[in-house]
Amino acid sequence: MLTTRRTQLRVVVIGGGITGLAAAWALRQRVGAAAALTVLEAAGRWGGKVETHVMPGPEGGRFLADAGPESFITRKREAWDLAHALGLQDRLIDPGSEARNIYVLDAGRPLKVPLNPVDFVTSPLLTLGGKLRLLAEPFIPARRDDGDESLGEFASRRLGREAMEKFIGPILAGIYNTDPATQSLLTTSPVMREMEKENGSLVAGALARMQAKRRARARGEQLPPAFATFREGAQELVDALVRRLSADLRCDLRLNAGARRLRRIDDQYEIELAEGEPLLADAVIVATPANAAAGLLRDAAPASAAGLARIRHTDIGTLSLAYRSADVRLPFRLNGLMIPRREKRRIDALTWTSAKMPDRAPRGYELARVFFGAGAPAMLTLDDAALLAAVRDELRALIGLEAAPIDYRVSRWPASFPQADVGHLDRVDEIERRLPPGLFLAGSSYRGLGVPDCIRQGQAAAQRAAAVVTAPA
Ligand SMILES: Cc1cc2nc3c(=O)[nH]c(=O)nc-3n(C[C@H](O)[C@H](O)[C@H](O)COP(=O)(O)OP(=O)(O)OC[C@H]3O[C@@H](n4cnc5c(N)ncnc54)[C@H](O)[C@@H]3O)c2cc1C
């Protein structure tokens, strides 16, 4: 056990996903020479779920397959602003923000989600009663309190049970890899409640936001696209952060450096590593998923650790598939297919990446991505060959795709996708309230799981950790 205090103050960040790296970068901006920084990452690469596979294509071409996030929302500014702060503004592209050709599986048939008035009137997805109920949304009284509810309750209350069950639920389930009946609205999509509270309805809220954008454009403001990503995939953001941090002599970046547990010693933390000497830190940011944080904090913060262990995490995996365009014969143009759990299929969703972003595949080729693990967790246990065979069976049955891919990549994250049950934010407040001084949590398990949410939480934790090491002695 280490007992001597170092003269140099130190902050340790545990976890080198986008949260930990954003925290580390924000710390370097804030603490200057006041403290050294160590970032510990258990895996052999940086970025956690942010990873872009570069798959070699024909004639020197390549497929760019994002294993995790493919793009990020810009309404929450943090990822967009960080990209600019890192000098990546010319690397940003619009991944095709306009939603179209989205299908949902209904009783075994892919049905188009009605996203324009003509599709809405003719869609067999909803009965006439379901359509009228959806159109009545502006007249449903607004809930104006701050209490949480599930995404499913919110959508049923405002848009009707049928729309919720037939397509809104499956879309929300696909986006958040969750069951809308249990997922917290206030953690996952607080903007929906804000629109209801401020404007009285989702329709009025959407119109007000569209008008605000129109006015901003009329004033000559340049507005970002609704979503953004990077020319060479989401990992560009990670690579830029690692480049900047590596160039800083006060920053010690360690891969294959899993932390095992934290102990509080006087006003410092001793961090036991899977291998090698323990580290001493004056402040620690734990930027791992909550289930990993629970193990790390069991000695230093047992009450918080118990709360962390209760946050559920489900399995998720993605399979990227590269095809020759000539081999792909689809019955309709398809950008995405959502598969509700009630359909009892072995895959959860399909996105046709190259339909949205043609540059992700060489000319004459296509790139698609299948999500699995939520509806059928056993899929995560299959080896690559068995997984590919199972996915090909599903694609044949669902959209008649017979083609064999020319290449593929698999990514699996067992027990790593956080589920924010209703009341989640109150429980996170309580977990944080019970943390000892100098110890901070950040990341997708807490206050939103999108990349901008993770960056915001990393930056907020950095601000608090910086206050510890820059406070007058
Ligand atoms: C398939 C998929 C698609 C997604 N799509 C989108 C999207 O389109 N847009 C969007 O905004 N978001 C998306 N997300 C969500 C977003 O990517 C994640 O929430 C975010 O990347 C999580 O970042 P993080 O740093 O908090 O956690 P992670 O990426 O999980 O990183 C945590 C890191 O901690 C490390 N670690 C764990 N334990 C230890 C330990 N004991 N010691 C040291 N290191 C440890 C892990 O190895 C890991 O690298 C998607 C996620 C997935 C999985």
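**Figure 1. The surface of the whole protein and the charges it carries.** The accessible surface of the protein comes to about 21000 Å², and 54% of this area belongs to carbon and sulfur atoms. The model shown here, as in every view that follows, is a predicted one. The protein carries 65 positive and 56 negative charges, and when the mean position of each set is worked out, the two points lie 3 Å apart.

**Figure 2. The overall fold and its dimensions.** Along the chain, the protein has 16 helices and 20 strands. The radius of gyration is 23 Å, close to the 23 Å that the globule rule gives for 473 residues, so the protein is as compact as a globular protein of that length. Taken along the principal axes, the box filled by the C-alpha atoms measures roughly 75 × 60 × 50 Å. Of the 473 residues, 52% count as buried. If one considers the contacts in the protein with a separation of 6 or more, residues 24 or more positions apart account for 72% of them.

**Figure 3. A close-up of an open sheet of three strands.** The strands of this sheet follow the order β5-β9-β6, and their pairing is antiparallel. The edge strands are β5, made of residues 72-73, and β6, made of residues 92-93, each of which pairs on one side only. Strand β9 covers residues 227-230 and runs antiparallel to β5, to which it is joined by two bridges. Within this part of the sheet, the reader can look for Phe72, which stands opposite Ala228 in β9.

**Figure 4. A close-up of Ser320 and the residues that it touches.** Ser320 is found in strand β15, which covers residues 313-324. With a relative accessible area of 3%, Ser320 lies under the 20% cut-off and therefore counts as buried. Leaving aside residues up to four places away in sequence, Ser320 touches Met55, Ala65 and Asp66, then Leu367, Ala368 and Arg369, and also Asp407, Tyr408 and Arg409.

**Figure 5. A close-up of Leu280 and its separation from Arg264.** Leu280 is found in strand β13, which covers residues 279-281. The relative accessible area of Leu280 is 3%, and because a residue under 20% counts as buried, Leu280 is placed in the buried group. In this view Leu280 can be considered together with Arg264, which is 16 residues apart from Leu280 along the chain, while the C-alpha atoms of these two residues are separated by 9.7 Å.

Definitions and conventions. Residues numbered from 1 in each chain as written. Predicted model: local features only at pLDDT ≥ 70, side-chain atom pairs only at ≥ 80, totals over all residues. Heavy atoms only, no water. Helix = DSSP H or I, 4+ residues; strand = E, 2+ residues; numbered from the N terminus. Rg over C-alpha atoms; globule rule 2.2 N^0.38 Å. Buried < 20%, exposed > 50% of the residue type's maximum accessible area, 1.4 Å probe, protein only. Contact = heavy atoms within 4.5 Å. Areas by Shrake-Rupley, 256 points an atom, 1.4 Å probe, with all protein chains shown as cover. Lys, Arg positive; Asp, Glu negative; His and termini not counted. Charge placed at Lys NZ, Arg CZ, Asp CG, Glu CD. Pairing = 2+ DSSP bridges.
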